[in-house]
Amino acid sequence: MGIAASQARYLYLTARQTNVEFEGQQINQARTNLANEQAGLFQDMLEIEAPTVPTLYEITNQINAWASQSPAGPHAEDYTGGENDPKYKSDMSLWLASNNGTDANAAYDVAMNQYNSDQLAYENALDEINAKSEDIHQRDQVLELQLRQLDTEQETIVTELESVKKVIDKNIEIVFKTFQS
């Protein structure tokens, strides 16, 4: 290979090496974005409120507390959302189920039905987050594989660059020896 051809090959390999490095940076940026997306999912998971199992004792105490109020029952003004507050609606359904304070067992049954519904919604939300997390994990594995392929290509390019550099140095040495003799 002549000096010009070697130099052209060297320039091509240098350009390819720069391109591979840039592709690697893009993959690393995509992996960083996936990590941020995963952190967002983790934050979403922390914000999901797990339902608590009602007890007959708690329901009975709450029903008795509402019965001792005048007028009896939950009052919308005690809730941040007023009559539209989900907790108010839930408490009102408990109060009505208790037949205005006379049957805590009926209110407990309503509370358990609500708990089961809330638990199902909670599990569905967790399943959705876990599915998204698994998708992120799969995409990250694909990017990691691409990055490994680029690393292998980078190593090959470096080896070939060293080889071409030796050829260029040898050609220069031969040319200068020819002129010196």
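**View 1. Contacts of Ile27 in the predicted model.** Leaving aside neighbours within four places in sequence, Ile27 is in contact (heavy atoms within 4.5 Å) with Leu143, Gln146, Leu147 and Leu150. This is a predicted model, in which local features need pLDDT of at least 70 and side-chain atom pairs count only at pLDDT 80 or more, while totals for chains, interfaces and linings use all residues. Residues are numbered from 1 along each chain as its sequence is written, and side-chain values use heavy atoms, with hydrogens and water left out.

**View 2. Helix H1.** H1 spans residues 3-47; helices are DSSP runs of H or I with at least four residues, numbered from the N terminus. Its 45 residues reach 66 Å from first to last C-alpha, close to the 66 Å expected at 1.5 Å a residue (1.5 Å times one less than the number of residues). Buried in H1 (under 20% relative accessible area, 1.4 Å probe, protein chains only) are Ser6, Leu13, Gln17, Val20, Gly24, Ile27, Leu34 and Leu41.

**View 3. The largest nonpolar core.** Such a core is a set of buried Ala, Val, Leu, Ile, Met, Phe, Trp, Tyr and Cys residues joined through side-chain atoms within 4.5 Å. The largest has 14 residues, and Leu13, Ile27 and Ile157 have the most contacts inside it. H1 and helix H4 (104-180) are the elements giving two or more residues to this core; the largest share, 9 residues, comes from H4.

**View 4. Another core.** Apart from the largest core lies one of 10 residues, including Trp66, Tyr79, Trp95 and Ala107.

**View 5. Val175 in helix H4.** Val175 lies in H4 and is partly exposed (from 20% to 50%), with a relative accessible area of 32%.
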